[in-house]
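This report covers selected features of one protein model. The sequence and coordinates come next.

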Amino acid sequence: MRPSSLSFQQLLLVAFLLIGALLGGAAVRTLFSLETLLGQSREGTAQAIALSTAAQSLSERSLTMERAARQSLVLRDSQLRQRFSEAASQARDILQRLQDNELPPEFAQNWREQMQAVAELLDGPPETALDRERDVARAFRELDGHSAAIAQKVQSIIAARNAALQAGFQRSQEQLTQVVTGAILLAAGMALGFGVWLAKPFKRLERAIVSLGENRLDQPIDIVGPSDVRRVGQQLDWLRLRLTELDADKARFLRHISHELKTPLASLREGVSVLGDGVAGALNPDQAEVVNILQHNTQVLQTQIEALLRFNAVAFEARQLRRERTDLRGLLDDLVEEQRLHWQAHGLQVRVEGDPVWLQVDREKMASAIGNLLLNAIRFSPQDGTIRLVLLGLPGRVSIDIVDQGPGVAEADRDRIFEPFFRGQRQPDGAVRGTGIGLSIVHEYIVAHGGRVELLDSPAGAHFRIELPHAT
């Protein structure tokens, strides 16, 4: 089966099985290697004991042969001579076993030649038996020397075998270490590779969701990956098409409302104006007052309709960001300079604080959001007051504080300050009452950037803070 035909859960199971098989294979090989080493150790120990025992037995047989040989010469006893022959035969068998286990031939040859000399001394006339008995004793002392040399050589052989076994253990340990380390590293590499490979479709899904959130509805969504992830991608693409239809319906609705409301409202205003001008006849004071009320309310209604259309247009544009690398400190300086005549006319001081910070943002929309907060601060600040714009780069985010010395926000208004068309209780003296969409536009633009704007507690004036992530 192709990887793309499997689900994410199945691919994850395959990844676990492969990694488990790799580590399990390394573990099984380690167990077999340990079992082999233990077998070699047991075999080496048994051989060492056998060689050591054989060398000791050869020395013991030499004592038995010497006693039987000397007694047979003195006593001229055939049974003692037979006992000597049997002991000599056993000694030769022991010597052959030692020679078969790496005893050098010269050691065995020396022992056999000395043993042959002893056998020759045992044969001779009876009158020379005592003299030959002394020669046999000297010959056995030389034979004991050969037996001791053989025993020492056997110990050397055992030591060499032990050293070879230890070296084999060391090599096996190094090989096992390499196998286990390689298996662990390969398993870690496979886990990392599978993790990265399986995470790619989810990153594509994340980018697709962000694209939908930013209203980039013209880009088709095609997610390559496991079958279930591809199904989610297809559902997201269906959602994209549905959102496209809804946006089109919304645009048609706004155009219809604009036409259906503004056209009769214009006729109503024109009619009220005609009445006010006295075209239809002179008005008495009560009628004139009613006409004035109608003119005022039609003007307010028109302003509200235009504000509604403007807010909906802003909400739509907020999802269409054109990000570019922007110097936020430079942007703040430009905004302050643009409003210089305005804040100087109120006798205000405006300070920008903080080091330059670069961020990927929609410069125009960010300027609109910060500009709205700055205009509010200028509008509400008292004569000779100070406004501070503080830019601060923090780990993972950037904060922009706008602080004024105005009356601040009433406690009852704080929870609704960013709602569309909400106007707070505290308004500057003599100022025209606003439409209440300025702060809601700020909120729309900042949220579209993935950030947030909030009103902080302040002992005097209003303190707004914008926080933006280091988004790309």
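The sections below describe a predicted model, taking the sheet, the helices, the cores and some single residues in turn.

## The five-stranded sheet

An open sheet is built from five strands, ordered E2-E4-E5-E7-E6, with mixed pairing. Its edges are strand E2 (349–353) and strand E6 (452–456); each has a single partner strand, so one side of each has no neighbour in the sheet. Direction ignored, neighbouring strands are turned against each other by 15 degrees on average.

E6 and strand E7 (residues 463–469) run antiparallel and are joined by five bridges. Leu455 has Phe464 in E7 as its bridge partner. Helix H7 (residues 328–338) lies across E2, E4 and E5, and its direction is at about 170 degrees to E2.

## Ser399 in strand E5

Strand E5 (residues 397–403) contains Ser399. Is Ser399 buried or exposed? Its relative accessible area is 4%, and because the limit for buried is under 20%, Ser399 counts as buried. Leaving aside residues up to four places away in sequence, Ser399 touches Val390, Leu391, Leu392 and Leu394, and also Arg465, Ile466 and Glu467. Val390, Leu391, Leu392 and Leu394 fall within strand E4 (386–394), while Arg465, Ile466 and Glu467 fall within E7. In the strand order, E5 stands between E4 and E7.

## Strands E1 and E3

Strand E1 (residues 324–327) is joined to E3 by four bridges, and the two strands run antiparallel. Asp327 stands opposite Trp358 in E3.

In a regular strand, side chains alternate between the two faces of the sheet. Strand E3 (residues 358–361) shows alternation along its length: Leu359 and Val361 point to one face and are buried, whereas Trp358 and Gln360 point to the other face and are not buried.

## Packing of H9 against H10

Helix H9 (residues 363–380) packs on helix H10 (residues 438–448) at an angle of about 145 degrees, and their axes are 9 Å apart. The crossing of H9 and H10 is left-handed. From H9, the contact takes in Lys365, Met366, Ser368, Ala369, Asn372, Leu373 and Asn376; from H10, it takes in Gly438, Leu439, Ile441, Val442, Tyr445 and Ile446. By type, the residues of this contact are eight nonpolar, four polar and one charged.

In H10, the buried residues are Leu439, Ser440, Ile441, Val442, Tyr445, Ile446 and Ala448. Leu439, Ile441, Val442, Tyr445 and Ile446 are thus listed both as buried and as meeting H9. Just after H10, Gly450 has a positive phi of about 85 degrees.

## Nonpolar cores

Which residues of the largest nonpolar core touch the most other members? They are Ile370, Leu389 and Ile466, in a core of 41 residues. H9 supplies the largest share of this core, eight residues. Not counting residues up to four places away in sequence, Ile370 touches Leu331, Leu332, Leu335, Leu389, Ile400 and Ile466. Of these contacts, Leu331, Leu332 and Leu335 fall within H7.

A second core is separate and has 30 residues, including Leu51, Ala54, Ala87 and Val118.

## Loops and exposed positions

Glu102 is in the loop between helix H2 (78–100) and helix H3 (105–122). Its phi is near 80 degrees, a positive value in a residue other than glycine. The relative accessibility of Glu102 is 51%, and Glu102 counts as exposed.

Asp384 also has a positive phi without being a glycine, at about 65 degrees. The loop that holds Asp384 connects H9 and strand E4 (386–394). Asp384 is exposed, with 59% relative accessible area. From C-alpha to C-alpha, Asp384 is 10.0 Å from Ala345, with 39 residues of separation in sequence. Ala345 is part of helix H8 (residues 340–345) and is exposed, with a relative accessible area of 62%.

Arg138 belongs to helix H4 (residues 129–213) and is partly exposed, at 42% relative accessible area. The C-alpha atoms of Arg138 and Val118 are separated by 9.5 Å, and the two residues are 20 apart along the chain. Val118 is one of the members of the second core.

Technical notes
Residues numbered from 1 in each chain as written. Predicted model: local features only at pLDDT ≥ 70, side-chain atom pairs only at ≥ 80, totals over all residues. Heavy atoms only, no water. Axes fitted to C-alpha atoms, helices over the stretch in contact; angles between N-to-C directions. Left-handed = near helix turned anticlockwise from the far one by under 90°. Contact = heavy atoms within 4.5 Å. Nonpolar A, V, L, I, M, F, W, Y, C, P; charged D, E, K, R; others polar. Buried < 20%, exposed > 50% of the residue type's maximum accessible area, 1.4 Å probe, protein only. Core = buried A, V, L, I, M, F, W, Y, C linked by side-chain atoms within 4.5 Å. Pairing = 2+ DSSP bridges.
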